[in-house]
Amino acid sequence: MNAPYGAYVGLSDSIPVFAVLFKLLSPVLPATFQYFGLWCFLCSTAMGASAALLLSLFTQKRAQVLLGSSLFVLAPILLDRQLRHCALGAQWLIVLALWLYFKNRRSGRFFSPGFSVISALSIVIHPYFTPMVLALLFALLLENAVAHKKVWQPLAGLGLCLAATLLCGWVFGVFHGGTGGGSTTYGYFSMNLNALFNPAGPGVDSWSLFLPLQNQTLGNYDGFNYLGLGVLLTGCAVLAWAIVWFSDLAPRVKGWLKTRFGLLFVCLCLTVFAVSNVVTAQGATLFTVPLPQFVLNLAGVLRSSGRMFYPVWYLILLTACLFWMRRPPEKLRTLAVGGLVLVQLLDLSPGLLAKAGAFRPYEPVGESGLKSGFWAAAAEEYDHLVSLDEVGLTGGVDLALFAADAGMTTTDPFTARYDTGLQRQQAEQARAALADGSYNADTLYLSCNEATFLSCAGQVDGDVFCARVDDEWFVFAPHTGSFSGYSSAEVVPFDEYPLLIADYTDALWVGGVLSSQPNVVCFYDTPFARKRIDGMSAFVAGKYLYPILEVDYGDPGWILVTLDTDDAAWLRGRPLESQP
C-alpha cells in the first residue's frame, strides 16, 4: 500500500500487534485468513477480567463482581465498535488503567510499571486509546504529587511511560508517513450533548427498547455514548439520594474534591475535548468556539473527538455499580446489582439482537465490482497499480483485493490517514508521465474521474490502451497488443467513448443539468469535449435532435451548453452524437 513509501498498518484498522504476529505465522496459515473474530472474542474476555479486577477493589462479594462485570461486557459503546471497528474494541485498556489508578491511589504509589505496559499496548492497538490511558496516569501522578508534596518522582514515572510508549510506537511504525487524509477535522466527529441518553447508534435501528431516538448533526454518530436505561435510572436514584442525604453527603463530596481532584480534572478535560469547539445539541449546532489554527491542527490528530469520553463513560458505569453495591441494605445489594443488569440488558436488547442478526447466518460480503476479463489479463501483465486521482480511488476494497491477489503494489494508501500532499504530487507526476511518454510499461494507471480520463487519454501515445472498465474505473494500460481486442459493454475504449453530460451535482446542478434553467447542461472542459462541441449545431440522442443555442467557456474547467429544449434531464447518461 501507498507505494513506494508504505503505510502504517494501524491506519487500516488492522490491529498492528495482531498483524505483526500473524504476518510471522503467515507461512503456515491459509492464503485467505483473518483474525478479527478471535480479536473480538479476546477483547470481550479481557473486558470481563479487567472489570472483575476493578470491581474487586470495592467489594469481595463474587456474585456482585460477576454481575457488575457483565455490565462492562455489555457496554453499548463496546458492542457498537466490537464487530464494526474492531480495533476500538480494546476498551479493556481503559478499564485496566482505571484499576491501576484506584489501586495505586490507595497505596500512595507514584507509578506502576503496568501503566507503561498498557500505554505501550494502546499505541500498537489503536492510538486513540493512548491519550485516555495517559490521562488516567496523569490524574494518579498529580494527586499523589500534591498529597506527598513531591514532584520529581511523578515526573520520572510519566517520563518512563512516555518513553516506553513512543519506543513501542516507533518500532511498529506509528510515526511513519503523514497523517492528513480527508477534509474533516476536529469538531466534526464530536459528541452531541444528548449522547448519554440518545440510543441512536451506527448500524442498528436503536440501542434502546424504551427511549426514543434523538436527532444528531455533523459526525455525531461517531460520538455514540449511550449509557443505557439501567445506568440512567441509577443516575436519577443517585440524585434523589443526594438530595435526601445532602447534609451527610456534603462533607464526603468535599473530601472527594480534595483527594480526587486529578481524576475530576482529566474527566472534565476529556469531556470538553469530546464535545469539541463545535457544540451540538439534538440536530443543531449551538455555537462554535474559535480556536487558533495550530490548536485545530493539533486536535485534528484525534479528530474523532467523541471517543475521548470513553474513560468518563466507564467511570459513570462504575459509579452506578458501586451505588447499588453500597446504598441498599446489605442483604439486598446483590439483588439490586442484578436488577441493574436486568434493566440494562432489557433496554439494550434491540441493539444486541441487531448485532446478532447481522452475523447469523453468515453471508458473503458481496461480489467484486471487477467483473470484466480485462482485470485477469492485467493481473498477469502488470506489477504496479498507480492512481491518477489526488484523493484516492473509489471502490477501494475491490482494488485492494485485486492488487493483493495479483501481487501488485499500489500507490493508493487505503488508510484512514495519509499524506494528502504526497498523494497529490504522485498523481500529478503520473499524469505528466502519461502525457510525455515516460510511463512505466509494468504499471497499470487508474482513475475514477471521467474528467481526468478524458484529459489524459487525448495526450497519450498509441501504445497505451485507454478505456472505461466496468462503468466505474478508467484505465491506462501500456501494452503490446494484449488489450487491443477489448470492446464490450464492460470495456469501452477511448476511441469509442461517447460524449456524456458531466455527472455533476451540487446546490445548483443535478446530474449535470442546471436546476433553475434545465435546458443548460455542463461538460468537463477537455480536448475530447471541445472537439465534439466546437462548431457543432446540435446533439443527437437516440432519434431526437437537440439544437445548440449557446456554448459558454467562461467557467474554468467546464463547458456550459444551452439547448433548444424545455428540459434536458432526459439526456443524463445518454450518449450524444454531434451534428455539424
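Buried, on this tour, means under 20% relative accessible area. Keep that cut-off in mind as you move through this predicted model.

**The whole chain**

Start with everything displayed as a cartoon. The protein has 580 residues, of which 48% count as buried, and its secondary structure comes to 19 helices and 15 strands. Turn the C-alpha trace onto its principal axes and you will find spans of about 95 × 55 × 50 Å. Among contacts with a separation of 6 or more, 73% join residues 24 or more positions apart.

Now switch on the surface. About 27,800 Å² is exposed, and carbon and sulfur atoms supply 63% of it. If you colour by charge, there are 34 positive and 42 negative charges to pick out, and the mean positions of the two sets lie 28 Å apart.

**Stop one: helix H18**

Select residues 450–457, which form helix H18. Seven of these eight residues are buried, so the helix is largely enclosed by the rest of the structure. The buried ones are Glu450, Ala451, Thr452, Phe453, Leu454, Cys456 and Ala457.

What should you add to the selection to see the cover over those residues? Two helices belong to it, H17 (420–436) and H19 (527–533). Show the strands as well: E5 (443–447), E6 (464–469), E7 (473–478) and E11 (520–524) are included in the cover.

**Stop two: a nonpolar patch**

Go back to the surface and select Leu162, Leu166, Leu167, Trp170, Val171 and Phe175, which make a nonpolar patch of about 660 Å². Leu162 is a handy residue to centre on: you will find Leu162 in helix H8, residues 152–171. Its relative accessible area is 34%, so Leu162 is partly exposed.

**Stop three: a positive patch**

Next, pick Arg106, Arg252, Arg326 and Arg327, which together form a positive surface patch. Arg252 sits in helix H10, residues 246–259. Is Arg252 buried or partly exposed? With 42% relative accessibility, Arg252 counts as partly exposed.

**Last stop: Gly6**

Finish towards the start of the chain with Gly6, in the segment before helix H1 (16–24). At 24% relative accessibility, Gly6 is partly exposed. Which residues does Gly6 touch, leaving aside those up to four places away in sequence? Display Met1 and His176 to see them.

For a final distance, draw a line from the C-alpha atom of Gly6 to that of Ile77. These two residues are 71 apart along the chain, and their C-alpha atoms are separated by 32 Å.

Terms used: Residues numbered from 1 in each chain as written. Predicted model: local features only at pLDDT ≥ 70, side-chain atom pairs only at ≥ 80, totals over all residues. Heavy atoms only, no water. Helix = DSSP H or I, 4+ residues; strand = E, 2+ residues; numbered from the N terminus. Buried < 20%, exposed > 50% of the residue type's maximum accessible area, 1.4 Å probe, protein only. Contact = heavy atoms within 4.5 Å. Areas by Shrake-Rupley, 256 points an atom, 1.4 Å probe, with all protein chains shown as cover. Lys, Arg positive; Asp, Glu negative; His and termini not counted. Charge placed at Lys NZ, Arg CZ, Asp CG, Glu CD. Patch = residues over 30% accessible without salt bridge, like charges linked within 9 Å, V, L, I, M, F, W, Y side chains within 5 Å. Salt bridge = Lys/Arg side-chain N within 4 Å of Asp/Glu carboxyl O.
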